[in-house]
Amino acid sequence: MKLREYEAKNVLKEAGIPVPAGFLIRSTDELPPYLDALGDDFVLKAQVDVGGRGKAGGILMAGKADGTKVAKELFGRQIKGLPVKEILAEQRLDIQHEYYLSITVDRSSKQPLILFTDEGGVDIEITAKEHPEAIRKAIANPLIRDIPLFKLRELIGTAPKEIGPIINKLYRIFIEKDALLAEINPLVTTPRGIFAADAKLIIDDNALGRQGFKVNRDFTDREREAEKHGFSYVELNGTIGVIGNGAGLTMSTLDLIEFYGGKAANFLDVGGGAESERVMNAVRLVGSVPSVKVIVVNLLGGITKCDEVAKGIIAASIPQKVIVRLAGTHEAEGRAMLLEKGYEMLDTMDLVVKKAVEVAA
Amino acid sequence: MIYGDKKTGVLVQGATGKQGEFHIGLMNSYARQVGGRGVIAGVTPGKGGKEVHGVPVYNTVKEAMRDHDISASVIFVPAAAAADSIMEEANAGIQTIVAITEHIPVHDTMKAVAYAKMEGCTVIGPNCPGLLSPGEVKMGIMPAGLFSRGNVGVISRSGTLTYEVVDELTRAGIGQSTVIGIGGDPVIGQTFVDVLERFKSDQQTKAVVIIGEVGGNLEEEGAKSTDLPLVSYIAGISAPPDKRMGHAGAIVEGGEGDSRAKIARLKKMGVPVASRPSEIPAMVRDLFKGHC
């Protein structure tokens, strides 16, 4: 889960990384008390959960005189379709130089990877393409508490050495907050010292419980329902509902729909050993998506009991057509139950998907 | 076989849990079928002295190791304790650990994998179905009925999708040497590179099927690292960016891991990529015509 900018900056501040003086407001009326502290020039930043909000008009400059007017304007805007409910009002920094610093989980080395460049303020992907030599990298050993000094020296190069302790502090945050990404871009030098001008923290979903973070607040009702049942669920915008067991098989079913010229409405992984009630809940959930015309159920695996699955599909009794591919134990019983109720059951995933694409067309 | 055979003595951690108990039964019925040793000991703290399907249960891994000749293990313990189980086993001298457990925080996995490496131990998974070498050994939860013995290795980030592909191969008369699920998490102990290295030194394996998915670039790194004949299939071409598709590792992040780009890179390296699972057997047969 990605933290909002003000949440990420609070985490940085607590860890001793300087951030610009800032105040979170939830309405225009909340701004005036902060105007003195914000000074003559400040920035208003919409706290919305989308990337590229600057270009989408989510960041506005303001001053003492027009502050409330600009805040009112920003609260009235939609940023990439999302309403602005929170604004971070932040002091403007007198920037001398911008650096980039991030820590990620490196899949190849199976360890944390620290990236630092003297060219901050730009997307790291752009730097990686245009000046890959400008990016300095270090792998951190997860069994050692701090990053060894020699690695910090290699990372920093000719940049101010005061950045060293900031890298170590960000590394502590990365470890202690179970982050998948901890990024400061830009990290800036000013006459008043070094500041994290913008910050991004993504917390591992599997660690939200022990970190005490509330699971994603921006769930739709159906996503919340899926979360309650323990389904992996992603909503897309097609007409064919998909229920599978296992992430890979479900994804592959989605791809096959595209291969045959259809459009999937969702991804739903019911998980292993699906009992009848779980299957019923899954079918009802997908059936409740207004755009869904037909549902493909693709369940495979040694321990999936086909009669249980059949019971669940029948109990869901939704108006849309449900086309089933089932392989596992008690296959004959499951098939007989479905056929008796008039459901279609086909032998391969190619066949069910092809059929569903026909029905949806 | 590359991680174990009939002679491999297996330990199960989390032996008295629902999952552990169920799969000890299945692993040992497979062992009886092929004449292997199978699961010979279990561990659950506080349940020492019990038996599960006739398998003795111990409180600690060290106690089990004292009484039995064990070289591999399968872990079913819950996510909060799983990383600790990996480290306990590595420390006790187990050589190969299969971690089935899902939802282990990535930082725990990074630590456990680094610790195991320090102890000279190999970790497969987490969040994986384990491995099966037909006719030799089953360490994990794969449905044995779909498999047949042969010369094709299979490496996959998925569970059920692997069964789908194995089923297709078996129906087409193409047997498997070892089928291994390396796990759906961003950090896993054995990557494609590691497993391909094992397959390279395995006499039985003549070609390998790589089943990948959206997220990261471990598939390409694997393909680059070997000269074994490969066929690949990548799931997730219809996955939208920044959405996690079930597996913690199945996500396009920072412009990296997009399935289409991955497929293009694999094709550029000369690896044939199937556009759906049912195309894989014919592509494997083409490989054998060309190379073997």
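In this predicted model, the largest nonpolar core holds 188 residues. A:Leu170, B:Ile86 and B:Ile97 touch the most other members. Helix H6 of chain A, residues 163-176, is the top contributor to this core, with seven residues. A second core of 15 residues is separate and includes A:Val48, A:Val70, A:Ile79 and A:Ala89. Nonpolar side chains tend to be buried together in soluble globular proteins.

Take B:Ile86. Leaving aside residues up to four places away in sequence, B:Ile86 touches B:Ile75, B:Ile97, B:Ala99, B:Ala112, B:Ala116 and B:Val123.

**The sheet of chain B**

Seven strands of chain B make an open sheet with mixed pairing. Their order is E9-E8-E11-E10-E12-E13-E14. Strand E9 (137-140) and strand E14 (273-274) of chain B are the edges, and each pairs on one side only. Strands of a sheet pair through backbone hydrogen bonds, either parallel or antiparallel.

Two of the pairings in chain B are set out here.

| Strand pair | Sense | Bridges | A bridge pair |
|---|---|---|---|
| E10(B) and E12(B) | parallel | five | B:Ser156 and B:Ile211 |
| E8(B) and E9(B) | antiparallel | four | B:Leu131 and B:Met139 |

Strand E10 of chain B spans residues 149-156, and strand E12 of chain B spans residues 207-213. Strand E8 of chain B covers residues 130-133. E8(B) and E9(B) form a hairpin with three residues between the strands. In that hairpin B:Gly135 takes a positive phi near 85°.

**Helix H8 of chain B**

Which residues of helix H8 (residues 259-268) of chain B are buried? They are B:Ser259, B:Lys262, B:Ile263 and B:Leu266. Seen down the axis of H8(B), these buried residues fall within an arc of 100°, so they line one face of the helix. An α-helix has 3.6 residues a turn, so residues three or four places apart point the same way.

The face of H8(B) turned away from the buried side carries the exposed residues B:Arg260, B:Ala264 and B:Lys268. The buried residues of H8(B) pack against four elements of chain B: E12, helix H7 (218-225), strand E13 (230-235) and E14. B:Gly270 follows H8(B) and has a positive phi, near 90°.

**Domains of chain B**

The domain assignment splits chain B into domain 1 (10-124) and domain 2 (142-291). The C-alpha centres of these domains of chain B lie 26 Å apart. Nine residues of domain 1 and eight residues of domain 2 of chain B make up the contact.

On the side of domain 1 of chain B that touches domain 2 of chain B, helix H4 (106-118) and strand E7 (122-124) of chain B are the elements that give two or more residues. H4(B) gives the most to that side, with five residues. By class, that side of domain 1 of chain B has seven nonpolar, two polar and no charged residues.

**The contact between the chains**

How many residues of chain B are in contact with chain A? There are 45, and they are in contact with 40 residues of chain A. On the side of chain B that touches chain A, the elements giving two or more residues are H4, helix H5 (160-171) and H7 of chain B. H4(B) supplies the largest share of this side, seven residues. By class, the side of chain B that touches chain A has 22 nonpolar, 16 polar and seven charged residues.

H4(B) therefore recurs: the helix gives five residues to the side of domain 1 of chain B that touches domain 2 of chain B, and seven to the side of chain B that touches chain A.

Conventions. Residues numbered from 1 in each chain as written. Chains lettered and ligands numbered in written order. Predicted model: local features only at pLDDT ≥ 70, side-chain atom pairs only at ≥ 80, totals over all residues. Pairing = 2+ DSSP bridges. Core = buried A, V, L, I, M, F, W, Y, C linked by C-beta atoms within 7 Å. Buried ≥ 20, exposed ≤ 12 C-beta atoms within 10 Å, placed from the backbone. Contact = placed C-beta atoms within 7 Å. Arc of directions from axis to C-beta. Domains from an automatic or database assignment. Nonpolar A, V, L, I, M, F, W, Y, C, P; charged D, E, K, R; others polar.
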